[in-house]
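Student: Please show me the model. I would like to go through its folded parts one at a time.

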Amino acid sequence: MTQESLTVGVGLISVGWMGKLHSRAYQTVPYAYPELGLATRLIIAADTEPSRVDYARKILGFAEGTTDYHDVLNHPEVDVVSICAPNFLHAEIGIAAAKAGKHFWIEKPVGRGYEETAAVQEAAVDAGVITSIGYNYRHAPAVEHARQLIAEGRLGRITNVRAVFFSGYASEPNGALSWRFNRKLAGTGVLADLFSHATDLCQYVVGPIAEVTALTSTVYTQRPKLAMGSGTHFAVIENGEMGQVENEDYAAALVRFGPSARGAGAVGTIESSRVAVGPECGYQIEVYGTEGSLKWDFERMNELKVCLGRNNDEQGYTTVNASPRHGDYSHFQPGPGNSMSFDDLKVIEAKKFLVAVTGGVQENSNIHDAASAAAIVSAAEASSLSGQWQKIDEIHGTTAARA
């Protein structure tokens, strides 16, 4: 890391959609946050597909490319590493990055269950490296405003919470049997993929979840087989050989928030589906209190529905447009009504990571947040099998909202 303008050397592992997005986010940080004096250099990118390595060098602007991710971790000019590989490689690469002394930004889920995630957590703590997790939705300015309203007590005592993450990426019955449906490669299904995002948002806004009871179902138990590396989970195969889906398509849970939460003792529901017809990225959170409530929907991410006060002359929700007064909005748009995007949220995520890496305030999500989400996912799966409530030990060091 050079000192002239705090230039950070970047390494990338896996050059898919998310790898490209990480790369653009790093490059955008100096433009969106010039006051930080941060600069980035794209040093080396790794992918098992040579054409993607070429893309990383020729299009994304990395100085070097390789088909072996260890070359990224061993490169002396790399300060931070983005880990954007498929889920089943996350833990292996995360542990290796920690042992190599590299700060890393890793997509979720960090492991195929709590045990793998905890192993990455232990390695990162032992190595003293800074971590950041791909919980990008929490950075929406409307969500940051919701978190602030709750922290200020504007909703009164929090009574109940509702979170939903519905997607239709697997709603096609002939959608390919990709690695996402294989337990050995993906671990759980929608629990790790979408439910974990919803749990993170609930904890970020309201506080730690202490208990859960859940149920799951698999809507499509068989899908046509797909050769590894030949397509994505969006591929549709007609009249193909069928294989078994090994994890769940839908999950629902009742939760209770713990004593340290801003909503201590509050209850809630969390639902997720990957086979819903209609919602494409239907990610919503609703928080209700004794003095008001609020609603947010990612498909309208620049709006927050707010109702404050029980005895107002005008009842119902007010639509609050995200504005320069909320979160990091002012770094992207000059005034309300100018929409931010999914990609902008990854820029905010990159900024928070780089600020933490260079010795600034640590507002980034971290490996403890990932371990906490994984613990809830594991508890939800255990409950779906036993039919019993599961208690969840609070994990320290998270960025969950606290009283």
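**Sheets, helices and turns**

Student: In what order do the six strands of the open sheet lie?
Tutor: Six strands make up this open sheet, and their pairing is parallel. Strands are DSSP runs of E with at least two residues, helices are runs of H or I with at least four, and both are numbered from the N terminus. Two strands count as paired if DSSP finds at least two bridges between them. The order is β3-β2-β1-β4-β5-β6.

Student: Which strands stand at the edges of that sheet?
Tutor: An edge strand has a single partner strand, so one side of it is left without a neighbour in the sheet. The strands in that position are β3 (64-66) and β6 (131-133).

Student: What kind of model is this?
Tutor: Residues are numbered from 1 along each chain as its sequence is written, and side-chain values use heavy atoms, with hydrogens and water left out. Local features need pLDDT of at least 70, side-chain atom pairs count only at pLDDT 80 or more, totals for chains, interfaces and linings use all residues, and the model itself is predicted.

Student: Which residue of β5 is the bridge partner of I83?
Tutor: Strand β4 (residues 80-83) and β5 run parallel, joined by four bridges. In β5, I83 has as its bridge partner I106.

Student: Which strands does helix α2 touch?
Tutor: Contact means heavy atoms within 4.5 Å. Axes are lines fitted to C-alpha atoms, for helices over the stretch in contact, and angles between N-to-C directions run from 0 to 180 degrees. Helix α2 (residues 50-60) packs on the sheet, and its direction makes about 170 degrees with that of β3. The strands it touches are β2 (39-46) and β3.

Student: Are α4 and α5 roughly parallel or roughly perpendicular to each other?
Tutor: The axes of helix α4 (residues 87-99) and α5 come within 8 Å and cross at roughly 10 degrees. Angles under 35 degrees count as roughly parallel, over 145 as roughly antiparallel, 65 to 115 as roughly perpendicular and the rest as oblique. The two helices are therefore roughly parallel.

Student: How many nonpolar residues are in the contact of α4 with α5?
Tutor: On the α4 side the contact is made by A91, G94, I95 and A98, and on the α5 side by E116, A119, V120, A123, A124 and A127. Ala, Val, Leu, Ile, Met, Phe, Trp, Tyr, Cys and Pro count as nonpolar, Asp, Glu, Lys and Arg as charged, and the others, Gly among them, as polar. One residue is polar and one is charged, while the nonpolar count is eight.

Student: What is the omega of the peptide bond from K108 to P109?
Tutor: P109 is in the loop between β5 (103-106) and α5 (114-127). The bond from K108 to P109 is cis, with omega near -5 degrees.

Student: Which residue in the loop between β1 and α1 has a phi near 90 degrees?
Tutor: That loop joins β1 (7-13) to α1. The phi is a positive value in a residue other than glycine, namely S14.

Student: At what angle do α1 and α9 pack?
Tutor: Helix α1 (residues 17-32) and helix α9 (residues 342-357) have their axes 8 Å apart. The angle makes α1 roughly perpendicular to α9. Its value is about 70 degrees.

Student: Which strands stand at the edges of the nine-stranded sheet?
Tutor: This open sheet has mixed pairing, in the order β16-β15-β14-β13-β7-β12-β11-β8-β17. Each edge strand has a single partner, so one of its sides is left without a neighbour in the sheet. The edge strands are β16 (318-321) and β17 (390-391).

Student: Which residue of β11 is the bridge partner of S217?
Tutor: Strands β8 (residues 209-217) and β11 (residues 250-257) run antiparallel and are joined by eight bridges. In β11, S217 has as its bridge partner Y250.

Student: What angle does the direction of α6 make with that of β15?
Tutor: Helix α6 (residues 141-151) packs on the sheet, touching β7 (158-166), β13 (282-289), β14 (292-297) and β15 (303-308). Its direction and that of β15 make an angle of about 20 degrees.

Student: Which residues of α8 make the contact with α6?
Tutor: The axes of α6 and helix α8 (residues 190-205) come within 9 Å and cross at roughly 40 degrees. They are therefore oblique to each other. From α6 the contact takes V143, E144, R147 and I150, and from α8 it takes L201, Y204 and V205.
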